[in-house]
Amino acid sequence: MRRLKSAATSFKRRNVAASFYWREPSICLHFPSTDQKNLASHPTYYGKQRVPSPSTGEGQGEGEKGEKAKKRPAIAKLVLTLLLLLLLAATPAWAQDGNEAVNYHSGNKLRLSFSNDGRLDIRNDELTAEWPIGTGREYLNMAIPLVAVRQGGVHMTASFLADASFAGGQVGVAAMSHREDTWPATWVGRWNGYFGAGTLNADQESFIALEDPALGLRLTIRGWQWSSFLAQDMILFHYELENVGSTAFDETTVGFFARPAPGGDGMDGDRLAFDRDRALAVSVDTDDEGRGRGVAQGVGRWSPVGRLAVALLETPGNATDGIDNDGDGLVDESRADGIDNDGDWNPNTDDLGEDGLVGTNDAGENDGSPTPGEPNFDATDVDEADQIGLTSLAAFVPLDFDRDDDNKVQAAFVSGRFDNILGPGEFVMGSGSFPLVPGQTERFSVALFLSANAIDEARNEAVVRQIYDANYRFAVAPPRPRLHAVAQDGSATLYWDNRAEASPGFEGYKIYRSTDPGFNDVFTVTDDKGVLIYSEPVATFDLDNDVSKLFGLHANGFRYFLGNNTGLAHQWTDSGLVNGRTYYYAVVAYNRGDATLGIFPSESTKSIVADRTGALITDVNTAIVTPTAESSGYQAPEFAIEHTGGFSTGTVTAEVVDRTLIKNGQYELAFAEDDDGAVTYSLFDVTEGRVSIFENSSNFSTNDLLNDADPLFDGLRAFAVDDVLEWDSLSTTWREGNANWSIRMILNSNLGAPVAVAANYEVRFAEAGVDTALFTTPIPVPFEVWNVTDNKKENILVIDQNQDGAWSSGEPIYVVAGNSIEDFRPVHWMITLTEPSDPAVTPVAPSSGDVAFIPTFKPFAAGDVYRITTTAARVETALDENVLDRIAAVPNPYVINASVEQQSLFTGGRSERRLQFINLPQRCTIRIFDTRGRLVDVIEHDEAIENGTAFWDLHTKGSTADTVAYGIYIYHVDAPEIGEKIGRFAVIR
């Protein structure tokens, strides 16, 4: 256990075992939802005991001020609540540079909105901290880092602006690791990771840079989220403060301001508590009832409300004061002195070079000494800073703190100020002071995590400490597969790439299907305390290896399922879906973990989030699908395959994966041999010219398992099912004549190692002596053996077993390479022709003109070519009125909350009304009338041929008001050049 000390405070950190078996912390913050008396007795609750004042730090007891506070009129609380509600709907007035942009962390169950100027806050109708993701449940009003300096007796607060040079595809957009389009062009396809270019220590990372040109300060911020079920409720922010100017500051203090809002309901009933030793603030909603706000107003009131915790982790170091600030036995250690101060750099595991990556042979790799950029050394080792720890905690009533007020900031940062936090409220955690000279860099970090209850909070905190103690490293999942989805009639087809499979420890894929964009309806697996911890997949595909079933360790009673050795797949069709209903899919890749090291499996993120307008934004591995029936007259795409070159008996087949991409085209699958004799195949588009699609693939399939690792080409995927070279006994026959002798061909090693030749053979009978077979003494035979594949007569050797000087029934015929007894080897095949052994069958010996045909199964070989011809989907051009008979309104009658209703954006909101008109022509107009003949609405249907459905929201034309009145309605469908259809439906309310 290490202690981070200063004259004012000590910060205790607990080491957590890598296997994630930990003891419950001795300090546990617990707030009964309604017991105000118990809450007031908490040692950090601002109540009757003599504690520092939230605003001044001076003592305040039960005197006149305390009594007046207790007797405050109830109207004051109401006014305060109303003010806070207005605050939650307003935009904070922090400094901006004109490039403001809101971005989203959505790498696990916590969705966090942040700005490229470093703020975590609400603006417009955004949610700041939504947990679980997709529920519309809010937990934070705003938070922001703070920096204050003193030089020559003058105190100043940094006013940071976004550095637009780190914009990606759009000015002011923060770089996110999972969106390459947001990366600065200078990063050239490699993420600028904390541990080096191209290295990710989290599953989702953000990067922004801020500058205060007046003070010459630069602040770079990284946000880290892990998708592991152990870390899915948290986010860590790492701040790196650098003096890029020319002024040496005598004193510098950094901090973090937060205004919690658990329940998102204007802080009504919110309470804060603080544990100084753990540098941990926790906010709860004592009335345990939240309120939907902003884009999530439809959620209404909800319960239970979780707990928001803010932990100050790393703090800046002071390497010049001659004090062992962190109590580790080292004085004035530094993360920039080129020394492994704490001696934890391991040459066996950490000697990776300046890029921190194994096997790149960069500067410093395997040189036996620490190099900047390697793990556990200088900048990558938090233990090498003489950390100051937490030195102040200032509490404020809501709206009382102003970051732009230097006096407020300086007062909040007074070392030794530790206010007891009242609730509702806001607070500033501070750490300082330390000198900051030009070129110097100091770091600090903060964790925010959400929990269901106090036990869950303790477990989450332990994981936070685990990540911090490991220098911000945790189990990282494989990359997200790139997913595509195709809606079909009552089904959906998903297909994805294989880029995740190059990740170390990759084990398989899991598919999630939900009717909720946050995947909350499949988040159903609990731990041993009943806390939801994991989502249930609808399908799992894993490597066929020695890894399967449940992972060897459990975490809080939960064990991760590793698969059943099904073999990998890259496409999957989900059947039995309801047409018109929207489904949300995610395909994640997962690794196998390592039970011996206590590393649990981790799977890639799955994210569908809503922007401020309510529009849903998918990630590369998520998709939104609404299955529908096709347009009337729809003709599915087709393909035909022809073997146009070569002699292989292997099979080339294909499968339509994405019917919307099939075109009228021609392709060639051509086989070749490389320099080592290995057979590969390449695919070319020969529709117009000869364009390579892929080359030199060796992804051969079998009849039992189709290898789908090759990329799609225009919605189609081809499979090459190879054959094993062997005798084809079923196709062997007497092609000519009436002979009934049995025919057999095998490889026989009696005359030396045989070499099989991929050819078909004919034994052609004629007069005795038509050919001469090799033996000790060559003998005449009444047949020739021909290789009909290559159209050549073969050399043969016959062993005269009965010593009669001629060939007889059952005597082997060897197909050999040479034409003399000295050089006949190698032997290719041994053929035997034998008269019937059944005495009831009259033997009919082969005679002149008889031909025995003996084929083989032949693998693919150079020269094999297969032509694939595709025909795109289409609609019949001539449709008669009979197709209109299939048009229908469903469900009919329409009943509120029908199964096809689209769920609202956030769980708990009212479903969207949707009636469907199905089996429509590709283009038509639908008019809806009431029984009095009044036009209610008009729907123009002009969709892709795969979609023969139109939806009606049950509103009158041009209105978004409540659903139309119940009763009978008439619809009229006008399909140009086809005809008209009139029908009716009922609405039951």
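Visitor: In what sense do β61 and β67 pair, and over how many bridges?
Guide: In this predicted model, β61 and β67 run in the parallel sense and are paired over two bridges. Val 895 has a bridge partner in β67, and that partner is Ile 988.

Visitor: What sheet do they belong to, and in what order do its strands come?
Guide: They belong to an open sheet of five strands, whose order is β61-β67-β66-β63-β64 and whose pairing is mixed. At the edges stand β61, covering 894-895, and β64, covering 935-942, and each of these pairs on one side only.

Visitor: And how do β66 and β67 pair?
Guide: Strand β66, residues 967-975, and strand β67, residues 979-988, are joined in the antiparallel sense over nine bridges. Within that pairing, Ile 970 stands opposite Arg 984 in β67, while Tyr 971 has Gly 983 of β67 as its bridge partner.

Visitor: What sits between those two strands?
Guide: The two strands form a hairpin with three residues between them, and in the turn Glu 977 has a positive phi of about 65°.

Visitor: Which way do side chains point along a strand, generally?
Guide: As a general rule, the side chains of a regular strand alternate between the two faces of the sheet.

Visitor: Back to β61 for a second: what kind of peptide bond comes in the loop before it, at Pro 891?
Guide: Val 890 and Pro 891 are joined by a cis peptide bond, with omega at about -10°. Pro 891 belongs to the loop between β60, which covers 888-890, and β61.

Visitor: Where else is there a cis bond to a proline?
Guide: One runs from Trp 131 to Pro 132, where omega is near -10°. Pro 132 is placed in the loop between β8 (129-130) and β9 (140-151).

Visitor: Changing topic, how many helices and strands does the chain have?
Guide: The protein chain has five helices and 67 strands. Of its 989 residues, buried ones make up 54%. If one takes contacts between residues at least 6 apart in sequence, 66% of them join residues at least 24 apart.

Visitor: What about the other open sheet, the one with β39 in it: what is the strand order?
Guide: That sheet also has five strands, in the order β39-β58-β41-β42-β43, and its pairing is antiparallel. Its edges are β39 (638-645) and β43 (691-697), and each has a single partner strand, so one side of each is left without a neighbour in the sheet. From one strand to the next, the twist averages 20°.

Visitor: How many bridges join β41 to β42 there?
Guide: Seven bridges join strand β41, residues 665-673, to strand β42, residues 679-685, and the two run antiparallel. One of the bridge pairs links Glu 673 with Val 679 in β42.

Visitor: And what comes after β43, around Asp 714?
Guide: Asp 714 is in the loop between β43 and β44, the latter covering 716-721. Its phi is near 50°, which is a positive value in a residue other than glycine. At 29% relative accessibility, Asp 714 counts as partly exposed.

Visitor: Is Ser 503 buried or exposed?
Guide: Ser 503 counts as buried, because its relative accessibility is 17% and the cut-off for buried is under 20%. Ser 503 is found in the loop between β28 (491-496) and β29 (506-514). Apart from neighbours within four places in sequence, Ser 503 is in contact with Pro 478 and Pro 479.

Visitor: Which residues touch the most other members in the largest nonpolar core?
Guide: They are Leu 120, Leu 217, Phe 256 and Leu 448, in a core of 53 residues. Neighbours within four places in sequence aside, the contacts of Phe 256 include Leu 120, Tyr 239, Phe 427, Met 429 and Leu 448. There is also a second, separate core of 44 residues, with Phe 229, Val 284, Ala 311 and Val 382 among them.

Visitor: Last one: how many cavities are there, and which residues are closest to the centre of the largest?
Guide: The structure holds seven cavities of 30 Å³ or more, and the largest cavity has about 240 Å³ of space. The largest cavity is lined by 23 residues, of which Lys 109, Ser 227, Gln 232, Glu 603 and Lys 606 are the closest to its centre.

Notes. Residues are numbered from 1 along each chain as its sequence is written. This is a predicted model: local features need pLDDT of at least 70, side-chain atom pairs count only at pLDDT 80 or more; totals for chains, interfaces and linings use all residues. Side-chain values use heavy atoms; hydrogens and water are left out. Two strands pair if DSSP finds at least two bridges between them. Helices (H or I, at least four residues) and strands (E, at least two) are DSSP runs, numbered from the N terminus. A nonpolar core is a set of buried Ala, Val, Leu, Ile, Met, Phe, Trp, Tyr and Cys residues joined through side-chain atoms within 4.5 Å. Buried means under 20% relative accessible area, exposed over 50%, partly exposed in between (1.4 Å probe, protein chains only). Contact means heavy atoms within 4.5 Å. Axes are lines fitted to C-alpha atoms, for helices over the stretch in contact, and angles run from 0 to 180 degrees between N-to-C directions. On a 1 Å grid over the protein atoms alone, a cavity is a set of points where a 1.4 Å probe fits but cannot get out, and a pocket is an open set with protein on both sides within 12 Å along at least five of seven lines; lining residues have an atom within 4 Å of a point. Grid points are joined across faces, edges and corners, and a volume is the space filled by probe spheres set on the points.
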